[in-house]
Amino acid sequence: MTRTILESKTKTVVIGFDEPFCVIGERINPTGRKKLATELEAGDFTTVEKDALEQVACGATVLDINSGAVFSNKMAEDPRYADNNFVEPPLMRELIAKVQAVTDVPLCIDSSVPAALEAGLAACEGRPLLNSVTGEEERLERVLPLVKKYNVPVVAISNDDTGISEDPDVRFAVAKKIVERAADFGIPAHDIVVDPLVMPVGAMASAGRQVFTLVQRLRTELGVNTTCGASNISFGLPNRHGVNAAFLPMAIGAGMTSAIMNPVRNQEMEAIRAANLLMDHDPNSMDWIKLSKVLDAMKEGASFAEASAAAASSGGRGRRRAR
């Protein structure tokens, strides 16, 4: 069985075919979050620390750290701030330091800037997941040497120099190319976590079926773990959480082993916990029972994040298998 091992200073998380679904918390990302970007520009990491703690309490076992902030005020004063190569590396180091100070889950270092990826790798304790490499030639040549140098797993996104194809066979071929190129660097397939690219079902009716078929092929033909940006499936639709909550168990049933998502949403997390239970990845139903107590507490008026944090502080967090 394919097993991708992630580590913090004190914890190990395994992404694998026979493991509980790995929830990678997406909220430490200033893209589209103007308030967070403004805070970061001012050197304020209050929301970052709050988001880190809430996501872990709600069930994230890995946290994605994205440094793609736009510092508009500083940009007006200093043109260097218009360059992500200038902004992101030091910000990535600060974000990782702040998150590691308040929680001990493994991290996913997320940037389009190779220098920010390397800054994150140097700052991170343990064995993080690197996010990401694509099939673009320049990206392959910049990122795969970092993966090899630091001996870390990497998210492989199924687009290349021609862009994102709507043809699932093309996306599979790009994933295969990345796995083969990684092998040339001595990087094993179990350290490649493929993102087959989830298309919005509102724009492409076959998007869900495409992903399920792709995940099955990636698992059986390439032997790799998989991930996705889970909310992409519902982009542009009303009642997005209902669509996401249906999509995730179906993806898990098809063989998907992780997702980058917002865990502070009880509808999606309930669906994932139920899927783990039905896939026999929840020994003695313990995680489902613990989640049910959190959902019961919400009936008294607590938010999902508040009820989850209270359960965690009282020792009610879901248990992962011993390693």
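Which way does α4 pass α5, in a right-handed or a left-handed crossing? Let me start there, with the reminder that what you have on screen is a predicted model.

So, the answer: the crossing of α4 past α5 is right-handed. The two helices pack at an angle of about 30°, and their axes are 8 Å apart, with α5 covering residues 114-123. Angles under 35 degrees count as roughly parallel, so α4 and α5 go down as roughly parallel to each other. If you want to click on the contact, the α4 side is Glu88, Pro89, Met92, Arg93, Ile96 and Gln100, and these meet Ala115, Ala116, Ala119, Gly120 and Ala123 on the α5 side. Sorted by class, that contact has seven nonpolar residues, two polar and two charged.

Okay, second helix pair. This is α7, residues 168-184, against α8, residues 207-222. Here the packing angle is about 30° and the axes sit 10 Å apart. These two are therefore roughly parallel to each other, and α7 and α8 cross in the right-handed sense. From α7 the contact uses Pro168, Asp169, Arg171, Phe172, Ala175, Lys176 and Val179, while α8 brings in Gln210, Leu214, Arg217, Leu218, Glu221 and Leu222. What does the mix look like by class? Seven of the residues in the α7 and α8 contact are nonpolar, one is polar and five are charged.

Keep Leu218 in mind, please, because we go to strand β9 next, and Leu218 is among the residues that Thr226 touches. β9 is residues 225-226, with Thr226 in it, and Asn225 is found there too.

Asn225, buried or exposed? Buried, with a relative accessible area of 0%. Leaving out residues up to four places away in sequence, Asn225 touches Thr2, Arg3, Thr4, Ile15, Gly16, Phe17, Ile192, Val193, Val194 and Thr257. For a distance to check in your viewer, take Asn225 to Leu146: C-alpha to C-alpha that is 20 Å in space, for 79 residues of sequence separation.

Thr226 counts as buried as well, at 1% relative accessibility. With that same sequence exclusion, its contacts are Val193, Val194, Val215, Leu218, Gly255, Met256, Thr257 and Ser258. So if you color up the two contact lists, you'll find Val193, Val194 and Thr257 listed for Asn225, and those names come up for Thr226 too.

Right, cysteines. How many disulfides does the structure hold? Zero. Take Cys124: it is in no disulfide, and the nearest cysteine sulfur, from Cys108, is 9.8 Å away. The cut-off for calling a disulfide is a pair of sulfur atoms within 2.5 Å. Cys124 counts as buried, at 11% relative accessibility. Then Cys228, which is also in no disulfide; its nearest cysteine sulfur belongs to Cys22, 12 Å away. Cys228 is buried too, with a relative accessible area of 0%.

Now some backbone geometry, for those of you who like to look at torsions before setting anything up. There is a cis peptide bond between Asn131 and Ser132, with omega at about 25°. Ser132 sits in strand β6, residues 129-134.

Which residues have a positive phi without being glycine? I have two to show. One is Asn151, where phi is near 55°. Asn151 is in the loop between α6, 137-150, and β7, 154-157. It counts as partly exposed, at 48% relative accessibility. The other is Ser285, with a positive phi of about 60°. Ser285 belongs to the loop between α10, 266-278, and α11, 286-298. Ser285 is partly exposed, with a relative accessible area of 27%.

Last stop, Pro79. Where does Pro79 lie? In the loop between α3, which is 72-77, and α4, which is 84-102, so we're back by the helix we opened with. Pro79 counts as exposed, at 64% relative accessibility. Going from Pro79 to Met204, the C-alpha atoms are separated by 40 Å, and the two residues are 125 apart along the chain.

That's my tour. Happy to take questions.

Terms used
Residues are numbered from 1 along each chain as its sequence is written. This is a predicted model: local features need pLDDT of at least 70, side-chain atom pairs count only at pLDDT 80 or more; totals for chains, interfaces and linings use all residues. Side-chain values use heavy atoms; hydrogens and water are left out. Axes are lines fitted to C-alpha atoms, for helices over the stretch in contact, and angles run from 0 to 180 degrees between N-to-C directions. Helices (H or I, at least four residues) and strands (E, at least two) are DSSP runs, numbered from the N terminus. Angles under 35 degrees count as roughly parallel, over 145 as roughly antiparallel, 65 to 115 as roughly perpendicular and the rest as oblique. A crossing is left-handed if the near helix is turned anticlockwise from the far one by less than a right angle, and right-handed if clockwise. Contact means heavy atoms within 4.5 Å. Ala, Val, Leu, Ile, Met, Phe, Trp, Tyr, Cys and Pro count as nonpolar, Asp, Glu, Lys and Arg as charged, and the others, Gly among them, as polar. Buried means under 20% relative accessible area, exposed over 50%, partly exposed in between (1.4 Å probe, protein chains only).
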